[in-house]
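Please take a moment with the sequence and the model below before reading on. The paragraphs that follow lead from single residues to the whole chain and back again.

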Amino acid sequence: MILSNRAFGKALIAAAVGLTLTGTPAAAETPQTTSEFDQQVRDALLRNPEIILEVFALLEQKEQAAKAVKDKDLIASVADELFAGLDMSKPILVEFQDYNCGYCRKAHPTVMEMREQIPGLQFVVMEMPILNDGSRYSAQAALALKEIEGEEAYVRFVDEMMRNAGPANVATVLKVLTKLGHDAEEIVKAIKDGKGADELNRARDLADALGVTGTPYFVGPGGIIRGVASKDRLQALTVADGSDS
């Protein structure tokens with residue numbers, strides 16, 4: 001039987017209170033009214049307030065465990081599409097990002113460090129331009145560049161854009177493309193021609209399926225992390241036996 005959080009908490013408090021209430025066996029067998037029992041519970045909690053903290057800790061553990069199971073079911077529902085073309089025997093980390101997201105920029109050095117330190121890590125960027133038009137244009141340029149010049153050029157562009165201190169917009173995109181030695185006019189034309197649009201739509205569909213509403217949003221075989229996290233927590237996602245939320 002699965003208890004609701006409220007019922008679970010009530011049961012835990014009742015059990016804990018039972019350990020604190022004293023009395024003779026005969027008294028324990030005496031029927032009590034609801035008001036008498038409630039008063040005993042109140043008195044016991046006042047004498048032992050740490051019970052409440054213990055109950056909250058147990059509730060949080062229960063909620064986190066349930067959330068982790070739900071997240072893994074969610075991942076399983078889109079795994080074929082999300083991890084398409086990847087080697088499931090090697091670590092995987094997928095990040096939904098926005099170039100104007102300050103938290104994404106904060107997480108970027110950690111992700112780059114992981115790419116250098118974890119052998120065989122397959123890191124996948126999912127463009128999730130949700131903040132403004134500049135974010136969308138940056139994502140379109142990144143994916144157009146990827147389609148024309150390949151993964152390596154794309155990774156360098158993403159890295160440079162994330163390290164940029166100012167807003168991500170058309171001017172920034174053109175500046176970064178030129179800095180990296182690309183033909184900016186060619187990429188502008190490619191955007192107009194719809195290069196990379198299919199991949200942007202794919203990322204949006206996966207985001208919808210996973211319930212992504214903000215960035216950064218990290219997904220791996222081991223779970224989901226919503227927001228910035230430490231390298232150790234992110235690494236736990238990269239394999240199927242890891243877990244986080």
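**A walk through the model**

Lys231 is partly exposed, with a relative accessible area of 24%, where buried means under 20% relative accessible area, exposed means over 50% and partly exposed lies in between, all with a 1.4 Å probe and protein chains only. This is a predicted model, in which local features need pLDDT of at least 70 and side-chain atom pairs count only at pLDDT 80 or more, while totals for chains, interfaces and linings use all residues. Residues are numbered from 1 along each chain as its sequence is written, and side-chain values use heavy atoms, with hydrogens and water left out.

The side chain of Lys231 meets that of Glu113 in a salt bridge, 3.0 Å from N to O; the term stands for a side-chain nitrogen of Lys or Arg within 4 Å of a carboxyl oxygen of Asp or Glu. Because Glu113 lies in helix H5 (residues 102-117) and Lys231 in helix H11 (residues 231-237), the pair ties together parts that are 118 residues apart in sequence. Helices (H or I, at least four residues) and strands (E, at least two) are DSSP runs, numbered from the N terminus. Glu113, like its partner, counts as partly exposed, and its relative accessibility is 32%.

Seen as a whole, the protein has 11 helices and 4 strands, and buried residues make up 41% of its 245 residues. Among the contacts with a separation of 6 or more, 70% are between residues 24 or more positions apart, a contact being heavy atoms within 4.5 Å. The protein exposes about 13,700 Å², of which carbon and sulfur atoms supply 54%; such areas come from the Shrake-Rupley method with a 1.4 Å probe, and for residues only the protein chains shown count as cover.

Turning to the strands, Gln97 lies in strand S1 (residues 92-97) and is buried, with a relative accessible area of 2%. Residues up to four places away in sequence aside, Gln97 touches a set of residues that includes Cys104, Val125, Met128, Val158 and Thr215. Thr215 is also joined to Pro216 by a cis peptide bond, with omega at about -5 degrees, and Pro216 has its place in the loop between helix H10 (197-210) and strand S3 (217-220). In strand S4 (residues 223-226) one finds Ile224, which counts as buried at 0% relative accessibility. Ile224 and Leu74 are 150 residues apart in sequence, yet their C-alpha atoms are 9.4 Å apart in space.

Helices H6 and H9 offer another view of parts separated along the chain. Ala144 lies in helix H6 (residues 133-149) and is buried, its relative accessible area being 0%. The C-alpha atoms of Ala144 and Val188 are separated by 8.6 Å, although their positions lie 44 residues apart in the numbering. With neighbours within four places in sequence left aside, Ala144 is in contact with Ile187, Ala190, Ile191, Lys195 and Gly196. Lys189, in helix H9, counts as exposed at 52% relative accessibility, and its C-alpha atom is 9.9 Å from that of Ala141, 48 residues away along the chain.

Helix H9 (residues 184-192) also holds Glu185, which counts as exposed at 69% relative accessibility. Which residues gather with Glu185 in a patch of negative charge on the surface? They are Glu149, Asp183 and Glu186. Such patches are made of residues with over 30% relative accessible area and no salt bridge, with like charges joined within 9 Å and nonpolar side chains (Val, Leu, Ile, Met, Phe, Trp, Tyr) within 5 Å.

A search of the whole structure finds 11 salt bridges, one of which joins the side chains of Glu152 and Arg156 at 3.3 Å, N to O. Being 4 residues apart in helix H7 (residues 151-163), Glu152 and Arg156 are separated by about one helical turn. Glu152 is exposed, with a relative accessible area of 60%, whereas Arg156 is partly exposed at 37%. Asp205 forms a salt bridge with Arg204, the closest N and O atoms being 3.8 Å apart; Asp205 counts as partly exposed at 45% relative accessibility, and Arg204 is partly exposed at 45%. Elsewhere, salt bridges that share partners join Lys146, Glu151 and Glu199 into one network.

Methods:
Lys, Arg positive; Asp, Glu negative; His and termini not counted. Charge placed at Lys NZ, Arg CZ, Asp CG, Glu CD.
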